[in-house]
Structures are given as C-alpha cells and as structure tokens.
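Work through these exercises with the model open beside you. Try each task before you read its solution.

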Amino acid sequence: MLNVKDLNTYYGAIHALKGVSIQVNEGEIVSLIGSNGAGKSTLVNTIAGLLKPRSGSIEFEGKSIFRMEAYNLLKEGISLSPEGREVFGSLTVEENLKLGAYIIKDPKQINDSFEYVYELFPKLKERKGQYAGTLSGGEQQMLAIARSLMGRPKLLLLDEPSLGLAPNIVSQIFELIQQISKEGITILLIEQNAFMALKTSDRAYVLENGVVSLEGPSKDIINDDKVREIYLGI
Ligand SMILES: Nc1ncnc2c1ncn2[C@@H]1O[C@H](COP(=O)(O)OP(=O)(O)OP(=O)(O)O)[C@@H](O)[C@H]1O
Ligand SMILES: [Mg+2]
C-alpha cells in the first residue's frame with residue numbers, strides 16, 4: 001500500500017533521513033521505534049507531505065506521492081495525527097473535529113464522519129461543546145486521533161499517541177488503535193513505548209540515526225537481544 005524507497009530528507013545541512021526504505025501493506029499495523037532524534041517524526045512528516053524529501057521515492061497504492069502537498073495527501077487517503085497533539089485549544093471539540101474533515105464537501109458525509117468518530121470516542125461526544133484547551137491530556141490525544149479520522153483515511157500515521165499519558169490511558173489508546181485497525185484502516189505507529197507498540201503491531205522497523213537498522217515481524221523484533229536491551233530495558 002505504502003512503499004517508501006531510499007528516502008533522503010534534510011533540515012538545511014542536517015541529513016535526517018539517510019536512505020530510508022519502509023513498506024506498509026494494507027490492513028497492517030506497522031510500528032516504527034527508535035530513540036529520541038532517530039528521525040521517526042521526520043519520516044512520517046515527509047510521508048504526510050509536511051517536509052519535502054531531497055531524493056528517493058514514495059508510492060501510495062501504486063501512485064507516486066513524492067513531494068505531494070499535505071492537503072492533497074489527505075485526498076489520496078493519508079492522514080497524520082502529529083506528535084504533541086496540536087489541537088486548537090480555543091476551539092471546541094466539535095470545531096476541531098470539523099477541521100479534520102476539511103476535504104469533505106458533502107454535509108451528509110461530514111455528519112457520517114462525526115457519527116463514526118463519536119462512536120469510537122463516546123467521551124468526545126459528551127464534550128463536543130467544550131474548549132479543547134480545557135480537556136485533559138488523554139482527552140486531547142483522543143481528539144487528535146479522532147480529528148485525523150474525520151477525513152476517513154485509508155492510512156493513518158500516528159506520531160507518539162501515548163506520549164506523556166498515564167498508564168491506564170496508554171492502554172486505552174492502544175485498545176483504540178486496535179479497534180481502528182479492525183475498522184479496516186492501515187496504521188503506521190510511532191512510539192516511545194516500544195513494548196506496547198511491538199505487542200500491538202504486525203511488523204516493525206527500528207530507526208537509528210536516520211537509518212533503518214532492523215526490520216521484521218514484531219514478534220521477532222521483541223525477542224531481539226539488542227532491542228530488548230536498548231528499547232525495552234529488559
Ligand atoms: N526543524 C528542524 N530543524 C533542524 N533539525 C531538525 C528539525 N527537526 C528535527 N531535526 C533533527 O532531525 C533529527 C530527527 O528528528 P525527529 O524529530 O525526526 O526525531 P524523532 O525520532 O521523531 O525523535 P523523538 O522521539 O524525540 O520525537 C534530530 O537530530 C533533530 O534534531
Ligand atoms: Mg518525534
């Protein structure tokens with residue numbers, strides 16, 4: 001479904017992605033783990049069109065999306081829930097969600113999207129009139145994920161959905177990820193919580209200093225000695 005080959009992305013002189021290749025097949029949950037600064041956000045932000053790569057190729061459903069604008073990528077079916085949530089605090093829950101549906105013109109389809117996300121996130125429905133800035137951290141994260149689903153993507157890119165959340169909320173987020181996957185949405189998941197990510201995903205990539213250092217079925221990666229020592233601390 002998503003085919004990234006030999007991708008190079010720079011920030012000025014900083015070579016952040018050094019020939020990264022990853023593949024995500026339809027229906028999979030694929031996780032991307034790695035230390036702080038490894039290039040995980042750079043990779044998903046490049047796929048989502050927020051950063052322009054210097055070279056390589058990115059194909060989605062057989063079509064090149066290399067250097068395509070973020071706005072058009074949502075139309076192709078790719079949606080990003082960015083690191084750090086980035087919900088609009090002075091807008092209500094409902095207004096935030098509506099922004100996620102900006103590519104949809106038909107009011108009935110927008111209503112369907114609201115129904116769809118309110119079913120997945122009943123708490124957001126209860127709080128639809130509340131300012132997003134007054135939601136708890138976990139609720140804001142739910143809102144960010146819900147907003148990225150409003151455009152009904154085929155591929156969801158989740159950048160650190162569990163960051164900074166209490167353990168019980170973290171498990172709720174991972175349950176939701178599985179539920180979203182069962183709805184037929186393909187997921188590329190970035191996580192600091194490598195253990196939960198590997199438990200939840202089908203396959204995984206380990207990124208180190210802008211290079212893929214290991215890849216394979218998550219059940220194999222979780223048993224890799226180096227991964228256990230560096231990322232799982234066991
Ligand atoms: N806007 C920027 N300008 C310059 N360098 C940047 C910029 N954003 C990221 N970098 C650098 O690129 C490298 C990769 O950063 P990136 O944010 O992709 O890491 P990450 O794997 O997502 O880390 P984290 O787990 O901390 O979120 C880092 O060395 C970082 O300092
Ligand atoms: Mg990051």
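**Exercise 1.** Is Tyr71 buried, partly exposed or exposed, and what is its relative accessible area?

*Solution.* Start with the scale. Buried means under 20% relative accessible area, exposed means over 50%, and partly exposed lies in between (1.4 Å probe, protein chains only). Tyr71 has a relative accessible area of 38%, so Tyr71 is partly exposed. Next, place the residue. Tyr71 lies in helix 2 (residues 70–76). Helices (H or I, at least four residues) and strands (E, at least two) are DSSP runs, numbered from the N terminus. Last, look across the fold. Tyr71 and Ala48 are 23 residues apart in sequence and 9.0 Å apart in space, C-alpha to C-alpha.

Before going on, note the ground rules. This is a predicted model, where local features need pLDDT of at least 70, side-chain atom pairs count only at pLDDT 80 or more, and totals for chains, interfaces and linings use all residues. Residues are numbered from 1 along each chain as its sequence is written, chains are lettered from A and ligands numbered from 1 in the order in which they are written, and side-chain values use heavy atoms, with hydrogens and water left out.

**Exercise 2.** Find the strand order of the open sheet of four strands.

*Solution.* Fix the pairing rule: two strands pair if DSSP finds at least two bridges between them.

- Step 1. Strand 1 (residues 2–11) pairs with strand 2 over eight bridges, in the antiparallel sense. Val4 faces Ile22 in strand 2. Leu7 has Val20 as its bridge partner there.
- Step 2. Strand 1 also meets strand 4 (residues 55–60), through five bridges, again antiparallel. Here Asn3 stands opposite Glu59.
- Step 3. Read off the order: 2-1-4-5, with antiparallel pairing. Strand 2 (14–24) and strand 5 (63–64) are the edges, each with a single partner strand, so one side of each has no neighbour in the sheet.

**Exercise 3.** Which residues have a positive phi, and where do they sit?

*Solution.* Take the glycines. Gly12 has a positive phi near 60°, in the hairpin of strand 1 and strand 2, which has two residues between the strands. Gly49 follows helix 1 and has a positive phi near 85°.

Now the residues that are not glycines. Asp6 has a positive phi of about 50°. Asp6 belongs to strand 1 and is partly exposed, at 46% relative accessible area. Glu61 also has a positive phi of about 50°. Glu61 sits in the loop between strand 4 and strand 5 and is partly exposed, at 41%.

**Exercise 4.** Describe the surroundings of ligand 1.

*Solution.* A residue is near a molecule if one of its heavy atoms lies within 4 Å of it.

- Step 1. There are 14 residues around ligand 1, and Gly37, Lys40, Ser41, Thr42 and Gln192 come nearest.
- Step 2. Sort the shell by class: four nonpolar, seven polar and three charged residues. Nonpolar covers Ala, Val, Leu, Ile, Met, Phe, Trp, Tyr, Cys and Pro; charged covers Asp, Glu, Lys and Arg; the others, Gly among them, are polar.
- Step 3. Check oxygen atoms of ligand 1. One is 2.9 Å from a backbone N or O atom of Gly39. One is 2.7 Å from a side-chain N or O atom of Lys40. One is 2.5 Å from a side-chain N or O atom of Thr42.
- Step 4. Check the cover. On its own, ligand 1 has 630 Å² of accessible area, and the protein covers 62% of this. Such areas come from the Shrake-Rupley method with a 1.4 Å probe; for residues, only the protein chains shown count as cover.
- Step 5. Name the elements. Strand 2 and helix 1 (40–47) each give two or more residues to the shell. Helix 1 gives the most, with three residues.

**Exercise 5.** Why does helix 1 count as largely enclosed?

*Solution.* Eight of its eight residues are buried, so helix 1 is largely enclosed by the rest of the structure. Lys40, Ser41 and Leu43 are among them.

**Exercise 6.** Which protein donors hold the magnesium ion (ligand 2)?

*Solution.* Donors are N, O and S atoms within 2.8 Å of the metal (3.2 Å for Na, K and Ca); water is not among the atoms, so sites may look incomplete. Two protein donors appear: Ser41 (OG) and Glu83 (OE), 2.0 to 2.1 Å from the ion. Ser41 is in helix 1, while Glu83 is in the loop between strand 6 (78–81) and helix 3 (93–100), 42 residues apart. Glu83 is partly exposed, at 34% relative accessibility.

Definitions and conventions. A polar contact is a pair of N or O atoms within 3.5 Å; within protein, one must be able to donate a hydrogen and the other to accept it, and residues adjacent in sequence count only if both atoms are side-chain atoms.
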